[in-house]
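This report describes the nonpolar cores and the metal site of the structure shown below.

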Amino acid sequence: MRLFVRLVAATFFGLILISCGGKKEKKEGFSYEKKEVKPRDASDPNSIILTSNDAMQFNKKEIKVKAGAKVTLTLKHVGKMDKSVMGHNFVLLKQGVDLVAFGNKAATKKETDYIPSGTDDIIAHTKLIGGGETAVIEFDAPAKGVYDFLCSFPGHYALMKGKFIVE
Ligand code: ZN
C-alpha cells in the first residue's frame, strides 16, 4: 500500500514537471481548471490521447468514453508545420449543432483561433496548436449519446472530424 502511494505521488510529480516544462502560453480560459491531477493511467477509459498531423488528419474517427466521469483529452500535433498553416484543435459540439455550419462560421474567426466568441455550440475545446505542440483539457463527460467533434481550422473539418460517444 505504501509503495502504491509512493508510485502515485511519483507519477503525480512527474506529470507536474512535464506540464510545467516549456509551457509559455497562458492556460486557455475555456478549458476547465485542474483541481486534481489524476495519473494518466492507460486503463482509464476516459483518458483520451488524440493525435493530429501535417496531413490534416486525426488518428481517431471515433472516441468512446464513460458517462458520469471527467474526461482528460490530450491533443498532440505530431507534425512539423506551424499553427498558422496547419493548426489543429479539438472542438466537441453539443448535440443538434450542425458540424458544417459550425465549421464554416468558426473558419471566419481567425482572431479567436477559430472559436466563435460567446458561442453556445461547444461542450469543450482545446486551444489551437502547431507541429510538436500538445494541449490537454479536462471536462465532465456529457450525457450518454453521440456527439460530433472536429478541428475548426479553416477547411479541416472535411477530414478532421469524428464521433464522440458517451456510453
Ligand atoms: Zn486542423
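The largest nonpolar core has 26 residues, of which I63, F90 and F164 make the most contacts inside it. A nonpolar core is a set of buried Ala, Val, Leu, Ile, Met, Phe, Trp, Tyr and Cys residues joined through side-chain atoms within 4.5 Å; buried means under 20% relative accessible area, exposed over 50% and partly exposed in between (1.4 Å probe, protein chains only). Elements giving two or more residues to this core include β1 (47-52), β3 (70-77) and β8 (161-166); strands are DSSP runs of E, at least two residues, and helices runs of H or I, at least four, numbered from the N terminus. A second, separate core of ten residues includes V97, L99, I122 and Y157.

The model is predicted: local features need pLDDT of at least 70 and side-chain atom pairs pLDDT 80 or more, whereas totals for chains, interfaces and linings use all residues. Residues are numbered from 1 along each chain as its sequence is written, and side-chain values use heavy atoms, without hydrogens and water.

The zinc ion has four protein donors, lying 2.0 to 2.8 Å from it. Donors are N, O and S atoms within 2.8 Å of the metal (3.2 Å for Na, K and Ca); water is not among the atoms, so sites may look incomplete.

| Donor residue | Donor atom |
|---|---|
| G87 | O |
| H88 | ND1 |
| C151 | SG |
| H156 | ND1 |

The spacing of these residues in sequence is G-H-x62-C-x4-H. H88, in the loop between α2 (83-86) and β4 (91-93), and H156, in the loop between β7 and β8, are 68 residues apart. H88 is buried because its relative accessibility is 0%, and H156 is buried at 3%.
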